[in-house]
Amino acid sequence: MVVHAAVSRQEPATQTHSYWVLLGTALAISLGLSLVQRWSKSLRQWMGHMFPIIAAAVVLLTLWSVITSGFRWLPLPYFPSPAGILQSMIEDRALLFDSTWHSLLLLLGGYTLGVATALVTGVCIGWFDQARYWGMPALKLIGPIPATAWIPLAMVLSPSQTLSAVGLIALSVWFPVTMLTVSGIANTRASYLDVARTLGAGRGYLIFRVAVPAAMPSIFIGLFMGLGTSFLTLVVAETVGVKSGLGWYLSWAQGWAEYGKVYAALIIMAAFFSTIITVLFKLRDRVLVWQKGVIKW
Amino acid sequence: MVTITAPDVVREPSSLRARGVTKSFVAHGDSAVRTLALSDVSFSVEAGELVTIIGPSGCGKSTLLRLLAGLETLDAGELLVGNDPIAGPSAERGLVFQDPNLFPWLTVRGNIQAGLVARGVLHAKQRVVDVFMRLVGLEGFANAYPHHLSGGMAQRVALARALINHPRVLFMDEPLGALDTFTRMNLQDEVLRLWQMNRMTMLLVTHDIDEAIYMSDRIVIMTPRPGKIDKTVSVTLQRPRRRNSPEFLKLRGDILEHLHFAGKAPAVDPT
């Protein structure tokens, strides 16, 4: 805060006011916590654990302030100060919120569609020899094409930009999830299937109660990979086609040379994507609870 | 000790007949070369009998069990359960492997009731699951996952899972082979108790001669390459058997002698 006070004198007051509030809030929270931690052992442990990384973040933020608004070593407008970015975030909050919401809808739609299709094709190709004979070559041929390479075709073929974006995201998710579902199903330990057969299991039980659960760890690797490619496809699709979402906001802000907004969008994207990944991790921990102590990622 | 009479419809144990069973496998991916795993194997097991197959590795004893369980098809010969030829796997013929092969994604309870779920009768038999959990002494572990279990406990779960279907025949492929000596001896008694309680035919493959003598009514000795039946020994000792009685030790000595494992004879000077 002291540093901010020192460097921000050169800026107009309206632009730096909100950063004051942010820093003040952070300071108030940390002071509050340091008072409370006297009585709470678990909080004290948590704070002890988190202290180095929070301190590092504060130092980095301070350095950034010093370099940008302090010494002005970096050329404007490409490198705004943290205060400036916060200011553009607040000024444009309605549009940013709207963009995030549209991105979320697009991502969830495409991801869900892709995963659902991939699970069906993956289980079929992994289990049935006929499906593998015909499906594998197609998968190996079409799968590796980056989904974004389909953009020119998708724009022509699809009736709406949103629909084509959903399709592209689904396609980008479909390949890794299918591939790893196939591999998981096909590599089910034969002895599990033998045991199930001698217990009187029919085909349905063998597929859905032995092969699919046995393939779950592999399927989850596919889900994570698919999530990664879906982020990429989402941003590209929004940049070139769809007229909403964070990707669109990014290129729009860049068009106006408002780099504060570009950074604002990047920060929101980081929070947005890492939240989604965290949700998937939580789901994984729940579904693969039986692996606890076995997996380390 | 809990005394439980099986509450399910008890199936009568079945007899087993093998006549001229022959089975070969493709060797190392070269389809032209086939290794003969079993050659002209014939034997029979009476309903309710406990028979052990012993023999060195490579004698085809595991192959024979897989054929009987219906997991492999034979090249020549005939395999009958009761009067019916074996066409494929069935819940009437249970199989327990050396590796318990518990489904890691199911809890202990989930594993034990797997057979009921597979046959679509779980709803009608919820209570049976509890009975079998108690039967193998695992009431406290209903919600534990398999990787938390010791080897002995895992094998108990595998036993309960196989028994819950009330098989007419239970095949066991070296079920206690991976356990330490004390756990193994405990589980031998446990298996005997379950066998006597559940009225079923049991065919056990082992490489442990003591285990064979301690448990079975008859011992089938097999020799390798190709797998053949060498000799059948009846064990007439009263149960419970004593592992250190003179009769037990004599039988053990005879079998070791027969398998040429009694120990090297002192070298004779050729001159």
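Residues are classed here by relative accessible area: buried means under 20%, exposed means over 50%, and partly exposed lies in between (1.4 Å probe, protein chains only). The model is predicted, so local features need pLDDT of at least 70 and side-chain atom pairs count only at pLDDT 80 or more, while totals for chains, interfaces and linings use all residues. Residues are numbered from 1 along each chain as its sequence is written, chains are lettered from A and ligands numbered from 1 in the order in which they are written, and side-chain values use heavy atoms, with hydrogens and water left out.

The interface of chain A and chain B is described first. General practice is often to give the size of an interface as the accessible area lost when the parts come together. Buried area is taken in that sense, as the accessible area (1.4 Å probe) that two parts lose on being put together, summed over both. Between chain A and chain B it is about 1900 Å². Carbon and sulfur atoms give 67% of this area. T198(A), L199(A) and W290(A) supply 36% of the area that chain A buries against chain B, more than any other three residues. Contact means heavy atoms within 4.5 Å. On that basis, 20 residues of chain A and 26 residues of chain B take part.

Charged pairs also cross the interface. Side chains of opposite charge can pair when their charged atoms come close. A salt bridge is a side-chain nitrogen of Lys or Arg within 4 Å of a carboxyl oxygen of Asp or Glu. The rule finds two salt bridges across the interface of chain A and chain B. D194(A) and R66(B) form a salt bridge through their side chains, at 2.9 Å from N to O. A network of salt bridges links D194(A), R197(A), R66(B) and E72(B). Polar contacts are pairs of N or O atoms within 3.5 Å; within protein, one must be able to donate a hydrogen and the other to accept it, and residues adjacent in sequence count only if both atoms are side-chain atoms. Seven residue pairs are in polar contact across the interface, both residues being at pLDDT 80 or more.

Two elements of chain A, α9 (190-198) and α10 (203-240), give two or more residues to the side that touches chain B. Helices (H or I, at least four residues) and strands (E, at least two) are DSSP runs, numbered from the N terminus. α9(A) gives the most to this side of chain A, with seven residues. The residues on this side divide into 11 nonpolar, four polar and five charged. In this division Ala, Val, Leu, Ile, Met, Phe, Trp, Tyr, Cys and Pro count as nonpolar, Asp, Glu, Lys and Arg as charged, and the others, Gly among them, as polar.

Over all chains the count comes to 19 salt bridges. Among them is the pair E78(B) and R19(B), at 2.7 Å from N to O. This pair links distant parts of the chain, 59 residues apart. E78(B) lies in strand β4 (residues 76-81) of chain B, and R19(B) in strand β1 (residues 16-27) of chain B. E78(B) is partly exposed at 32% relative accessibility. R19(B) is partly exposed too, at 47%.

K250(B) forms a salt bridge with D254(B), with 3.0 Å between the closest N and O atoms. Both residues lie in helix α8 (residues 246-258) of chain B, four residues apart, about one turn of the helix. K250(B) is exposed at 53%, and D254(B) is partly exposed at 39%. In chain A, the side chains of E258(A) and K261(A) meet in a salt bridge at 3.3 Å, N to O. E258(A) is partly exposed, at 33%, whereas K261(A) is buried, at 9%.

Helix α6 (residues 181-198) of chain B has 18 residues. The expected span of a helix is 1.5 Å times one less than its number of residues. For α6(B) this is 26 Å, and the end C-alpha atoms are 25 Å apart, which agrees. Its buried residues include R184(B), L187(B) and W195(B). The buried residues of α6(B) pack against elements of chain B including β3 (50-54), α4 (126-135) and α5 (151-163). R199(B) follows the helix, with a positive phi near 45°.

In chain A, eight of the 10 residues of helix α4 (residues 82-91) are buried, so the helix is largely enclosed by the rest of the structure. P82(A), I85(A) and M89(A) are among the buried residues. S164(A) sits in helix α8 (residues 161-186) of chain A. S164(A) is buried, at 9%. Its side chain reaches the backbone oxygen of Q161(A) at 2.8 Å.
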